[in-house]
Amino acid sequence: MPEVIVGQPVTRVEALEKVTGVAVYGADVSLPGMLYAKVLRSPYAHARIKSIDISSALKAPGVRAVVTGEDLPGVLGGEAVKDMPFLAQGKVRYVGEPVAAVAAEDEAAAERALELIRVEYEELPAVLDPLEAMKDGAPLIHPELAKYQHIPAVKPVPGTNILSVDEFGKGDVEAGFAEADYIFEDTFTSHIVQHAPIEPHSVVAQVAPNGKITLWVPNDGPHRLRKDLSDALRIPLHRIRVISTYIGGGFGCKGGLKAEPVAIALALKANYRPVKLVLSREEVFEATIVRHATVITIKTGVKRDGTLVAREVRSVWDTGAYAEKGPTVCRQSTATSAGPYRIPHTRLVGYCVYTNKVIAGAYRGYGTPQVTWAYESQMDIIARKLGLDPLEFRLKNILREGDINATGQVAHSVGVEECLRRAAAAVSWEKQNRPRVTAEGKYRGVGIACAGKNTKTPSGSAAFIQLNQDGTANVLTSTVEIGQGAKTIFAQIAAEVLGIPVEKVEVSGPDTDLTPFDASTTSSRSTFHMGNAVKLAAEDIIRQLRQLAAAAWDCPVEQVTMARGQAEANGQVLTYQDIIKKHYGAGGSILGRGFFYPPEEKGSGMWSSPSVFWMYSAHAVEVEVDPETGLVEVVKLAAAQDVGRPINPLNCLQQVEGGGVHGVGTAVMEQLLIDSKGRVLNPNLHDYKIPTAMDAPQIEAIIVEAPHRDGPFGAKGIGEVVITPTMPAVANAIEDAIGVRIKDLPLTPEKILKALQEKGDIPQAS
């Protein structure tokens, strides 16, 4: 039966809450008797703490609690590696590391108390460059690396700053290079980028007299947060309750442990008074997480006719002072670093390396934008050197249904070819004789790039649906509405299966005491994983309703059909309300349960099984480059996205448009600057530039459908891969415009002018 609600551009179910200002975000939470917290942070990139004196701060007016690392002795957190104290213990490893914290009656009193804390440091040699950090004799940031607990996927190299090494591949890469007519080798570097969410990180923590901890927090993985806290603080899960608020922008930075442990430590000392901690804008930039800077060397063997035969990739990931999600970012993206191409021989190696800088972690794309930057830039270099059309060169080698990808997994539900063709058509790729210089003297060029990304596998999601006695339904999940439209997607799926209008479905926010398990709202996994769980829960209700209707009519279940919100059999009709009333009397409800865990995939894979689905996209851009100023304007961005099957097409288009602007900012504008002492030089939204609406190009968002056999109604995820090809597409267009190749991000005017000078197009600066 064709769907009537899935596939429709339904208005977001939380839209009214948000536009009227009643939606509750983290900093909006306020409780009676609440205290306010502030954090003292390290001014040094690497230093031993000789002493901390908090005696004066404790006596300051309005102060109710002061904590240091001594209050959490031996407590270390971390999703992949247990290496991070929540308040520094013994030494600090980056500028901005929390050293002490104060809870007071108001923020001003807490700020004044911080000034009274005396910390004596002994500065240690710092290492800020990941390549230097990998060398023998480099200062060791974590001499205890070999002793840390870690997940099996992490492969540390004790006695070094190499936190983890990952290696994937297939075939015989040396034999592949021997078959090649040409071998290309290039090194590309990418920069540190901050997520820059409009909403800062925050938490309200309350400790009840029985010891139960309740948190109100904008965190993208409430059940994961609860487990991380349970592991770190050695508190049973049922003694920790996480209530999710709406999230005002995250892009990966609102997961894991950030402000929560410090707030809990203060609340434990505050005589049952709740403690609220909201980070300042500067703290968000200096002391949360950033996107990894990388150094990626890629070597490719190719036949004279343009057939790829071998690819070797060596990537180095600057993960900063603590592991956070660095090892899994390195692992997931290393596995994708050969690109969505059919290459018989590959070797892919990634190194995750500690430095004394701000911590790097998850960021939209989870490392794939950096590796895509490298392989799609080199694809263009190869095409131009061989005299091939860059689009045709890609199409000749692109993965298609049934091909084996670079990690040995069979590819299916592959829409990347259509993404390339439709993105190219949107910028009239075939018009080779287009005007190359504008009336203002700017050079015009076009570029194209494509990408593939895996999702987090394996991971589970559970959903409950309560069918109420009036025929309405409540969907209970722990997926966080982070701006991606998850609530609307789940409402559509539930309404479709139950046969009721979307307006009769309410989707609740996560509360770990009430809503069932979900691994996290990350990795573009929610529509696929939780969407399946919601679908299963709704189908469970339908199954129960059929049984109840059959019992009411005293007929076989097989005779009962369900449609339009009612049961039918032998000419008789019962609404959901009728069925519930007949079974329960005056009042009652039916609970549907759904749990989805992806089926096992075949192939070499990354974890215990390969990725359950891959996402694909392609971007084509038109740019104008001013040769006098070096300024790049992205005039048009055509972004084609394989969504599997759109549950809500409007939602998909919004994701694609937002990701396109995000990608343009990363390509030409955004960069976190760090000086030789490890200090962030632009920790605010004045000096750290992100695109405004005035900077956004014309965007043509294109939906490509390659339905997935296991996705809910064929859907896959899209949230991350919408940003992935933008950077190389822009770089490729710049070379098309002015004939220079820049291999270092971001693509700033200074680098373009320097490249033009070296090329001889403009005079050298005197």
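## Terms and model

Helices (H or I, at least four residues) and strands (E, at least two) are DSSP runs, numbered from the N terminus. The model is predicted, and local features therefore need pLDDT of at least 70 and side-chain atom pairs 80 or more, whereas totals for chains, interfaces and linings use all residues. Residues are numbered from 1 along each chain as its sequence is written, and side-chain values use heavy atoms, without hydrogens and water.

## The second largest pocket

The second largest pocket (an open set of points on a 1 Å grid over the protein atoms alone, with protein on both sides within 12 Å along at least five of seven lines) has a volume of about 720 Å³. Of the 30 residues lining this pocket (those with an atom within 4 Å of a point), Glu79, Ile151, Arg224, Thr328 and Lys456 are the closest to its centre.

Two helices, α6 (222–233) and α9 (326–336), each contribute at least two residues to the lining of the second largest pocket, and α6, with five residues, gives the most. By class, that lining comprises eleven nonpolar residues, eleven polar residues and eight charged residues.

## The cavities

The structure also contains five cavities (sets of points where a 1.4 Å probe fits but cannot get out) of 30 Å³ or more. The largest cavity has a volume of about 250 Å³, and among the 21 residues that line it, Tyr94, Pro98, Leu257, Lys258 and Ala287 lie nearest its centre.

The strand β1 (35–41) and the helix α7 (260–269) each supply at least two residues of the lining of the largest cavity. Sorted by class, the lining of the largest cavity has 16 nonpolar residues, one polar residue and four charged residues.

## The helix α7

The helix α7, which takes part in lining the largest cavity, is largely enclosed by the rest of the structure, because eight of its ten residues are buried (under 20% relative accessible area, 1.4 Å probe, protein chains only). The buried residues of α7 are Glu260, Pro261, Val262, Ala263, Ile264, Ala265, Leu266 and Ala267. Just after α7, Asn271 takes a positive phi of about 55 degrees.

## A loop residue, Phe517

Phe517 has its place in the loop between the strand β21 (505–508) and the helix α14 (526–553). The relative accessibility of Phe517 is 42%, and for this reason Phe517 counts as partly exposed, a class that lies between buried and exposed (over 50%).

Technical notes
Points joined across faces, edges and corners; volume = space filled by probe spheres on them. Nonpolar A, V, L, I, M, F, W, Y, C, P; charged D, E, K, R; others polar.
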